[in-house]
Amino acid sequence: MPIFIICCLTLTALIQIQSLYLPLLNIEPVWMAAAGLAVIFLLAGCLKKLPGSVWHDGFACSGLWAWYGYWEPLFSKGSPIFDVFPVYYAVLSGWMLLAFINKSHRFDQASQEALRYLQQYLVRFDTCWLAGLVLLGLALPEHYLSYPLAMTFFIVRSAFQRCLEIIDSQ
């Protein structure tokens, strides 16, 4: 999810410097286009038209921009939710990328078996299903933790899925 990490850090920088471009994200056609792009990435991924790494990254990025554009006008000016969560997503995604995905080709047999065992329990939480929950959480700004929690589960689940894809390709 390297592009998602860059998008999170870019959004954080724009918020911190109070960029003149931030109000453009709040325009309804802009955040609706981002939400529509998220749906397109979700459908392309679930229909196996795009590789997992591409659709996960594209979905997460477009969901992030739609989240900020749709939710920011609904909260009070300077709300800490927009300062904290993009940084949190960048740290979580970076950690998953560096600690798991990039090192998955070096997992020993016991680690691979543990990941497969965990995968058996996580199969109930399909990545497409979690992405749908992210979109549902995006539509519920009155439940301000719905989107961040769903996105957290999506990031973790997609990282584990990506690890297994790398292990299976060896």
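The value pLDDT is the predictor's confidence in each residue, on a scale from 0 to 100. The model on screen is a predicted one, and colouring the chain by this value is a sensible way to begin.

**Confidence along the chain**

With the colouring applied, the chain shows a mean pLDDT of 92, and 100% of its residues reach 70 or more. Select H6 and then H3: confidence in the chain is lowest in H6, at a mean of 86, and highest in H3, at 96.

**The loops around the early helices**

Select glutamine 18, which lies in the loop between helix H1 (2-16) and H2. Most residues other than glycine have a negative phi. Glutamine 18 nevertheless has a positive phi of about 50 degrees, although it is not a glycine, and its relative accessible area of 53% makes it exposed.

Move next to lysine 48, in the loop between H3 and H4, where phi is again positive in a residue other than glycine, with a value near 60 degrees. Lysine 48 counts as exposed because its relative accessibility is 69%, the cut-off for that class being over 50%.

Between these two stops, display Tyr21, Leu24, Ile27 and Val30 as a surface; together they make a nonpolar patch of about 380 Å². Within the patch, isoleucine 27 sits in the loop between helix H2 (22-25) and helix H3 (28-46), and at 40% relative accessibility this isoleucine counts as partly exposed.

**The aromatic cluster**

Now show the aromatic side chains, among which a search of the whole structure finds 21 aromatic pairs. For one of them, select tryptophan 67 and tyrosine 147: their ring centres are 5.6 Å apart and their planes stand at 15 degrees, so the pair is stacked, given that planes under 30 degrees apart count as such. This pair links distant parts of the chain, since tryptophan 67 belongs to helix H4 (residues 52-71) and tyrosine 147 to helix H8, 80 residues apart. Both tryptophan 67 and tyrosine 147 are buried.

Extend the selection to Phe4, Trp67, Tyr68, Trp71, Phe75, Phe82, Phe85, Tyr88, Tyr89 and Tyr147, which form one aromatic cluster.

**Two residues that touch members of the cluster**

Keep tyrosine 147 visible and add glycine 137, which is found in helix H7 (residues 127-138). Glycine 137 and tyrosine 147 are ten residues apart in sequence, while their C-alpha atoms are 4.2 Å apart in space. Leaving aside residues up to four places away in sequence, glycine 137 touches Trp71, Ser146 and Tyr147. At 3% relative accessibility, glycine 137 counts as buried.

Then select threonine 152, in helix H8 (residues 146-169). With residues up to four places away in sequence again left out, threonine 152 touches Tyr88 and Leu92. Threonine 152 is buried, with a relative accessible area of 13%.

**The salt bridges**

The last part of the tour turns to charged residues. Side chains of opposite charge can pair when their charged atoms come close. The count of salt bridges in this model comes to three.

Begin with glutamate 72 and lysine 77, whose salt bridge has its closest N and O atoms 3.9 Å apart, where the limit applied is 4 Å. The partners differ in their exposure: glutamate 72 is buried, with a relative accessible area of 12%, whereas lysine 77 is exposed, with a relative accessible area of 73%.

Go on to arginine 116 and aspartate 168, which form a salt bridge with the closest N and O atoms 2.9 Å apart. The pair links distant parts of the chain, with arginine 116 in helix H6 (residues 109-122) and aspartate 168 in helix H8, 52 residues apart. Arginine 116 is partly exposed, at a relative accessible area of 29%, while aspartate 168 is exposed, at 51%. When inspecting arginine 116, recall that H6 is where confidence in the chain is lowest, at a mean of 86.

Finish on helix H8 with glutamate 165 and arginine 162, whose side chains meet in a salt bridge at 3.2 Å, N to O. Because glutamate 165 and arginine 162 are three residues apart in helix H8, about one helical turn separates them. Glutamate 165 is partly exposed, with a relative accessible area of 29%, and arginine 162, at 26% relative accessibility, also counts as partly exposed.

Note on methods: Residues are numbered from 1 along each chain as its sequence is written. Side-chain values use heavy atoms; hydrogens and water are left out. Helices (H or I, at least four residues) and strands (E, at least two) are DSSP runs, numbered from the N terminus. Buried means under 20% relative accessible area, exposed over 50%, partly exposed in between (1.4 Å probe, protein chains only). Contact means heavy atoms within 4.5 Å. Rings of Phe, Tyr and Trp (its six-membered ring) pair if their centres lie within 6.5 Å; planes under 30 degrees apart count as stacked, over 60 as edge-to-face and the rest as tilted. Patches are made of residues with over 30% relative accessible area and no salt bridge: like charges are joined within 9 Å, nonpolar side chains (Val, Leu, Ile, Met, Phe, Trp, Tyr) within 5 Å. Accessible areas come from the Shrake-Rupley method with a 1.4 Å probe; for residues, only the protein chains shown count as cover.
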